[in-house]
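Please look over the sequence and the model below before reading on. The paragraphs that follow go through one helix, a group of strands and a single side chain.

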Amino acid sequence: MFNRNTPNNNDVASLVTEFEEIEFLSEGGQKFVYTGTIEDEKFAIKLIPLYEEYGEDVKNTILKRAQRELTIMERIDSPFFIKKGPTEAKIITLDGHDYFCYSEIFINGQDLQEVIKTRHFTLEEAIQLGLQISSVIEGFWVHQYIHRDIKPNNILLKDDGNFLLLDAGVAFDLNDVSLTRGHEQPGTKIYMSPEQLAQTGREIDFRSDLFSLGVVLYEVLTQRHPFVDFSRNATQNIASILNSNARSIVNFRAEIPRSLDRLITTRLLAKRPHLRFRKCELLLQELNKIREEI
């Protein structure tokens with residue numbers, strides 16, 4: 001959470017004049033999120049703070065990441081990845097503070113993390129999740145992008161039953177300069193691949209995103225993380241991601257096909273990238289084959 005007051009609806013509305021009925025929605029991930037309408041269609045409006053105390057280097061990095069995210073939303077043509085809204089991005093000033101402001105389409109649905117807390121996924125839902133998100137990973141890699149932050153909080157279960165991958169704010173572009181300073185990798189550590197934890201962005205590829213997807217699939221089927229035990233400290237949990245093997249999913253749900261169990265625990269969650277799938281297409285083929293067999 002920010003140590004700042006949330007900009008109020010009226011102040012935002014006075015500067016983001018393309019929208020009507022602006023309402024505050026949420027705060028997190030270093031963004032303030034609002035909703036607004038254009039001709040009765042709802043959109044998400046996102047404000048990224050550019051506080052003076054960040055310093056020019058940090059503010060420039062924030063801006064470059066946000067601009068990269070918008071470029072990715074324009075380039076990735078997938079029904080399972082978030083799309084940018086109809087307005088142009090701009091910097092606005094509220095109460096003496098600058099914010100980078102842009103819009104996205106608004107989708108009705110549930111944060112996958114919240115769904116996991118309440119129930120197991122069906123086998124069919126898990127396979128659909130795997131197919132749809134891996135197809136987005138494939139689309140990213142066509143453009144030489146790595147998402148780097150695939151996790152339940154960044155996946156939406158839409159009201160129509162499909163899934164939507166969100167937030168490419170820390171995505172890596174192999175064809176551009178690195179925006180990461182030092183050795184600290186952006187993203188969420190408990191969903192990172194072993195190589196993402198240990199290396200820099202330019203030394204990983206789409207198979208790192210496949211590992212993260214494997215963690216998510218394990219969680220939706222078992223309501224457990226394959227490596228993390230929250231009674232242990234962070235160092236122990238990172239060591240587990242780097243060194244421990246995931247327990248078989250059938251230990252928790254006997255009805256899960258062995259083929260899907262092996263695909264997740266042996267292939268996607270393999271410690272070494274070359275033991276995962278060498279092409280997303282091969283993963284899609286395997287998931288479709290399992291779906292046909294059930």
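Are Glu-292 and Glu-293, on the other side of α9, buried or exposed? Both are exposed, where exposed means over 50% relative accessible area, buried under 20% and partly exposed in between (1.4 Å probe, protein chains only). This is a predicted model, in which local features need pLDDT of at least 70 and side-chain atom pairs count only at pLDDT 80 or more, while totals for chains, interfaces and linings use all residues. Residues are numbered from 1 along each chain as its sequence is written, and side-chain values use heavy atoms, with hydrogens and water left out.

The buried residues of α9 are Cys-280, Leu-283, Leu-284, Leu-287 and Ile-290. Because they cover an arc of only 125 degrees around the axis, they lie on the same side of α9, the arc being that of the directions from the helix axis to the C-beta atoms. Helices (H or I, at least four residues) and strands (E, at least two) are DSSP runs, numbered from the N terminus.

Strand β8 (residues 155–158) sends Ile-155 and Leu-157 one way and Leu-156 and Lys-158 the other, all of them buried. It pairs in the antiparallel sense with β6 (residues 109–111) over 3 bridges, pairing requiring that DSSP finds at least two bridges between two strands, and 3 bridges also join β8 to antiparallel β9 (residues 163–165). Leu-156 stands opposite Asp-111 and also opposite Leu-164 in β9.

Arg-65, finally, lies in helix α2 (residues 56–75) and counts as buried because its relative accessibility is 14%.
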